[in-house]
Each structure stands twice: as structure tokens, then as C-alpha cells.
Amino acid sequence: MHAVRDPLRRHLSGTLTIAAAAIGACFVVLKAYEYHDLVTRGISLGTSAFYKWYFAITGLHLSHVAVGLLVLTVLSRVVRNVNTTPTRAALLEGGACFWHVVDLLWIVIFPLICLVR
């Protein structure tokens, strides 16, 4: 948001939005690879309660990341516009808040699933 409001750093806003989308896309690719690996090893929802919750929670997070990628795609087009109206600024802030909440949830989900036994 700071880059959008500062005329000297405005050119960074599009680049930073695309970088955030690239990181989100990496997460999607890694989860697809991980799910494929687990399923080929015979692990599914019915394997155990852990994997039932693992697939449910990470799958729900993955769906929110996919929505976030769509939001970032829209935002990358909005930030290219030179004139930032209050409505566009609110759209940017709302989209950025959604993306950061999804990111914050992963910070909670990862240790909960992968580190707690």
C-alpha cells in the first residue's frame, strides 16, 4: 500500500503484487506435488484422523490461496492505473488484507499440523 500512495515508489507496487502472486503460486504447486505424493503412497482421507484433518485444513487453506491469487491478479491490474481514487485505494487495501490474513493463517496452520505431535 505504501508503494501505491508514494509517487516515487509507485512503479514498485505492480512488481510487489506480482511477486506475492508468484509466492502464492509456488505454494499451490508444492501442495499439488505433496498431495500427489501422499495419494500415490496410499495415504488418503481414510488413512487416519490426522490425515483427514490434514487434507481438510490444508485443502481449505489452498482454496483460500487460490482465491487470493485471483484477488492479486485483479489488484495487479488496478495498481497499473495512474489515478488511484478512494474506491481503488479501498479495493487495494481490502485485497491486501485478505492476502495477509491467508498468509497469517498459514503461519498458525503449519506449526499446528507439522510440528505438534
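**Notebook: a pocket, some rings and T17**

I started with the second largest pocket, and at least two residues of its lining come from each of helix 2 (10-40), helix 3 (49-78) and helix 4 (86-115). Helices here are DSSP runs of H or I, at least four residues long, and strands are runs of E, at least two long, numbered from the N terminus. A pocket is an open set of points on a 1 Å grid over the protein atoms alone, where a 1.4 Å probe fits and protein lies on both sides within 12 Å along at least five of seven lines; lining residues have an atom within 4 Å of a point.

Note to self: this is a predicted model, where local features need pLDDT of at least 70 and side-chain atom pairs need 80 or more, while totals for chains, interfaces and linings use all residues. Residues are numbered from 1 along each chain as its sequence is written, and side-chain values use heavy atoms, with hydrogens and water left out.

**Pocket, continued**

Which helix gives the largest share of the lining of the second largest pocket? I found that helix 4 does, with 5 residues. The full lining list I wrote down is A20, I23, G24, F27, H61, V65, W99, H100, V102, D103 and W106. F27 and W106 are both on that list, so I looked at their rings next.

**Rings**

I counted 8 aromatic pairs in the structure. Rings of Phe, Tyr and Trp (its six-membered ring) pair if their centres lie within 6.5 Å; planes under 30 degrees apart are stacked, over 60 edge-to-face, and the rest tilted.

Why is the pair of F27 and W106 edge-to-face? The planes of the two rings stand at 70°, with the centres 5.0 Å apart, so edge-to-face is the label. This pair ties distant parts of the chain together, since F27 sits in helix 2 and W106 in helix 4, 79 residues apart. I checked F27 for burial too: its relative accessibility is 15%, so F27 counts as buried (under 20% relative accessible area; over 50% is exposed, in between is partly exposed; 1.4 Å probe, protein chains only).

W106 has another partner, F110, and that aromatic pair is tilted, with 6.1 Å from centre to centre and 50° between the planes. I see W106 and F110 both in helix 4, 4 residues apart, which is about one turn of the helix. F110 is partly exposed, because its relative accessibility is 37%.

Elsewhere I noted a cluster joined by ring pairs: Y35, F50, Y51, Y54 and F55.

**Cysteines**

How many disulfides does the structure hold? I got 0 (a disulfide being two cysteine sulfur atoms within 2.5 Å). I looked up C26 and found it partly exposed, with a relative accessible area of 47%. C97 is partly exposed as well, at 49%.

**T17**

Next I picked T17, which lies in helix 2. Is T17 buried or exposed? T17 is buried, because its relative accessible area is 11%. Setting aside neighbours within four places in sequence, I listed L72, L75, S76 and V79 as being in contact with T17 (heavy atoms within 4.5 Å).

I also took two C-alpha distances. T17 and T73 are 56 residues apart along the chain, and their C-alpha atoms are separated by 8.2 Å. A96 and T17 are 79 residues apart in sequence, yet 9.2 Å apart in space, C-alpha to C-alpha. I placed A96 in helix 4, and with a relative accessible area of 25% A96 is partly exposed.

**Whole chain**

To finish, I stepped back. The chain has 4 helices and 0 strands, so I read its pattern along the sequence as α-α-α-α. It has 117 residues, of which 28% count as buried. Of the contacts between residues at least 6 apart in sequence, 66% join residues at least 24 apart.
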